[in-house]
Amino acid sequence: KGSDMETGIITGGTRGIGAAIARSLAQRKVRLVLNSRHADAEVEKLVAELSAMTDVVFVGGNASEPATAESLVKEAVSRFGGLD
């Protein structure tokens, strides 16, 4: 984990195709901001799995809402120094 790592946001990133993309990016050491509308045990398990590979943060909410979209970007910038 280094400062030259890429950072990505994945909306709908906790199940199905989004989770598969998250796993693929985590294997490449891309830092992740994951989003879905709700956190539950399945989300917590995925975040723990990905955290073993890279830096991950979960931000809940509806990404189609401007406030949530803004918070995703703000989290990427504050936690990881930017977004790729």
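Author: First, the naming: helices and strands are DSSP runs (H or I over at least four residues, E over at least two), numbered from the N terminus. Also, this is a predicted model.

Reader: OK, so where is K29 found?
Author: Follow the chain out of α1, and K29 comes just after that helix. Its phi is positive, about 70°, although K29 is not a glycine. As for the element, K29 belongs to the loop between α1 and β2.

Reader: Is K29 buried, partly exposed or exposed?
Author: Buried would need under 20% relative accessible area, and exposed over 50%. K29 comes out at 42%, so the label is partly exposed.

Reader: Which residues of α1 are buried, and on how wide an arc do they sit?
Author: α1 has twelve residues and reaches 17 Å from first C-alpha to last, close to the expected 16 Å. Its buried residues are G18, A19, A22, L25 and A26. They sit on the same side of α1, because the arc they cover around the axis is only 125°.

Reader: And what covers that buried side of α1?
Author: Start with the opposite face: turned away from the buried side, α1 carries the exposed residues G16, I17 and Q27. Over the buried residues, the cover includes β1 (7-11), β2 and α2.

Reader: Which elements give two or more residues to the largest nonpolar core?
Author: That core has 14 residues, and the members touching the most others are I10, A22, L32, L34, L50 and V56. The elements giving it two or more residues are α1 (16-27), β2 (31-36) and α2 (41-51).

Reader: Which residues does A22 contact, beyond its neighbours within four places in sequence?
Author: A22 is one of the buried residues of α1. It is also among the residues that touch the most other members of the largest core. Past its sequence neighbours, A22 contacts I10, G13, L32, L34 and L50.

Reader: How are the strands ordered, and which are the edge strands?
Author: It's an open sheet of three strands, paired in parallel, in the order β1-β2-β3. Five bridges join β1 to β2. The strands that pair on one side only, and so count as the edges, are β1 and β3 (56-60).

Reader: Which residue stands opposite N35?
Author: N35 is in strand β2, and at 2% relative accessibility it counts as buried. Among its contacts beyond the neighbours within four places are I10, G12, F58, T68 and L72. Across from N35 in β2 stands T11.

Reader: At what angle does α3 run to β3?
Author: α3 has 15 residues and reaches 21 Å, close to the 21 Å expected. The helix lies across β1, β2 and β3, and its angle to β3 is about 160°.

Reader: What arc holds the buried residues of α3?
Author: The buried ones are T68, L72, A76 and F80, while P66, A67, K74 and S78 are exposed on the other side. Their cover includes β1, β2 and β3. Seen down the axis, the buried residues line one face of the helix, because they fall within an arc of 85°.

Reader: Which residue follows α3?
Author: Look for a positive phi, near 85°, after the helix. The residue is G81.

Methods:
Residues are numbered from 1 along each chain as its sequence is written. This is a predicted model: local features need pLDDT of at least 70, side-chain atom pairs count only at pLDDT 80 or more; totals for chains, interfaces and linings use all residues. Side-chain values use heavy atoms; hydrogens and water are left out. A nonpolar core is a set of buried Ala, Val, Leu, Ile, Met, Phe, Trp, Tyr and Cys residues joined through side-chain atoms within 4.5 Å. Buried means under 20% relative accessible area, exposed over 50%, partly exposed in between (1.4 Å probe, protein chains only). Contact means heavy atoms within 4.5 Å. The expected span of a helix is 1.5 Å times one less than its number of residues. The arc is that of the directions from the helix axis to the C-beta atoms. Two strands pair if DSSP finds at least two bridges between them. Axes are lines fitted to C-alpha atoms, for helices over the stretch in contact, and angles run from 0 to 180 degrees between N-to-C directions.
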